[in-house]
Amino acid sequence: MKVVFCSSEIFPYAKTGGLADVSGALPFALAAQGVKVKVFMPWYKGISPDKTYPEYGYSKKDKVEIYFVKSDKYFNRDALYGTPTGDYPDNLERFSFLCKKIFALLKEQEFYPDIFHCNDWQTALIPVYLKTLYANTDFSESKSVLTIHNLAYQGVFPKESYPVLNIDWQYFNMHQLEFYDQVNLLKGGIVFADFVNTVSPTYAKQITTKEYGCGLEGVLSEKKDRLEGILNAISYDVWSPEVDNSIYKKYSVKTIKNKYINKLKLQEDLGLKVDKDMFVLGMVTRLAQQKGVDILCQALPKFISNAQLIILGFGDEKYHAILKDFAAKHKAQFSLNLKFDEKIAHSIYAASDAFLMPSRFEPCGLSQMMSYKYGTVPIVHNTGGLTDTVTDYNQGGGGFVLTEYSASALNEAIARATQVFKDKGKWENLVAKIMQYNFSWDVAAKNYIKMYKNI
Ligand code: ADP
């Protein structure tokens, strides 16, 4: 089977969130199971491919070929999609260029895949193009899958930009690319793709409802027979305290004591009181409305008297400002790091006792799986992929679950976790248990291959 995997971000080349982790792992897991995979992404500033050509860069890792689509005009910028004040205004041009260029490069190579696997709005035009621009070409046998990593980001642009797409106006209608008089790329991808999936079973059900459908619940419900949830996984080559070179001291389930060396060192590095018995809550997150920063801020004045909080986050300017205020008020207990920093992220997973993920909604979430592996107990809101991966301690599970989205539920969950933390024996058993959970990619890759074959 031949698969072309298209993504706007792939770890380790470019990353703003979980999409990069998935795109940096799934193609390799597919290749390990015999699929021939070519991966395409933009050639952003700072990426150094092994070989460079005028229109693209090329690297090969394990059995996977990686192509970086070049355009100085579109991709040689400081950020991937925009800055904390807003998105780049020419994102439609940038990502429609990417999609068209992928077809052009494949045609040059005479590589006609069985499946185009596309991800989120940035590559959602590929299923559209397959059935319009490329309908009667050598690509006519190729099928497409669109994976929705987050329905809240749809790639919506003014109607006036439609001609940039190079497709007839006939497709600009409410059943295809139009969304309330604007162009909606994700909607187009959902309608035109041969199959759609999202990244957890619970989120797959949620997105067909008004509450979580972000206005697309109608088209998604129509697609019900070709919509499925496949739970994401994580790469233990990157996310395991046994092999992690970014952390201060490696450890495993047999050497859990070494986890606390990481804790003391990070407390020291960040200027917090160095205290093994202090309950340390970590959070590594995009600072977006989705992630529950509002209830976190409401809950903070209460829980901060008995715990330390370490946040590594980057995103909306609004949340930067609110969190800075809190950090100024609670200097001794709260370390705020407003940036994107892969190395500190690893240190936080390793050093924290518990990890906060009070997301309002969560398509899958990877941070809770990473936390498990580092023996860091997740405290999560019961939604989407968090529902599928975290069971409450009281039900024999490995985390603490907020049953409603509120500051009081968050405080209650933190208080319950603190109680268990104080009982050293119980806490150590919990830590040892979650470190042995397995969320590796081989299972998820098998599910994707099954889906490709069905198509
Ligand atoms: P999302 O994709 O919605 O951002 P996920 O939980 O699926 O959420 O994945 C988040 C990924 O991004 C994890 O690898 C997490 O460690 C990483 N991440 C998020 N924010 C930061 C940051 N400020 N610095 C470093 N890594 C971050």
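The questions below concern the ligand site and helix α16 of this predicted model.

Q: Which residues are the closest to the ligand among the 22 that surround it?
A: The shell counts residues with a heavy atom within 4 Å of the ligand, and 22 residues surround the ligand on that basis. By class, this shell has six polar and six charged residues beside 10 nonpolar ones. The closest of the 22 are K15, G18, D21, R286 and Y349.

Q: Which residue places an N or O atom of its side chain 2.8 Å from an oxygen atom of the ligand?
A: Two backbone approaches involve a nitrogen atom of the ligand: a backbone N or O atom of T285 lies 3.4 Å from one, and a backbone N or O atom of K339 lies 2.8 Å from one. The side-chain approach, at 2.8 Å from an oxygen atom of the ligand, is made by Y349.

Q: What percentage of the area that the ligand exposes when taken alone does the protein bury?
A: Elements that each supply at least two residues of the shell include α1 (18-23), β15 (279-287) and α12 (342-351). Taken alone, the ligand exposes 570 Å², and the share of this that the protein buries is 93%.

Q: How far apart are the end C-alpha atoms of helix α16?
A: Helix α16 covers residues 424-435, and among its buried residues are W427, L430 and I434, while the buried residues of α16 pack against elements including α9 (257-269), β15 and α13. Because each step along the helix counts for 1.5 Å, its 12 residues should span 16 Å, which agrees with an end-to-end C-alpha distance of 17 Å.

Note on methods. Residues numbered from 1 in each chain as written. Predicted model: local features only at pLDDT ≥ 70, side-chain atom pairs only at ≥ 80, totals over all residues. Heavy atoms only, no water. Polar contact = N/O pair within 3.5 Å; in protein donor to acceptor, adjacent residues only side chain to side chain. Areas by Shrake-Rupley, 256 points an atom, 1.4 Å probe, with all protein chains shown as cover. Helix = DSSP H or I, 4+ residues; strand = E, 2+ residues; numbered from the N terminus. Nonpolar A, V, L, I, M, F, W, Y, C, P; charged D, E, K, R; others polar. Expected span 1.5 Å × (residues − 1). Buried < 20%, exposed > 50% of the residue type's maximum accessible area, 1.4 Å probe, protein only. Contact = heavy atoms within 4.5 Å.
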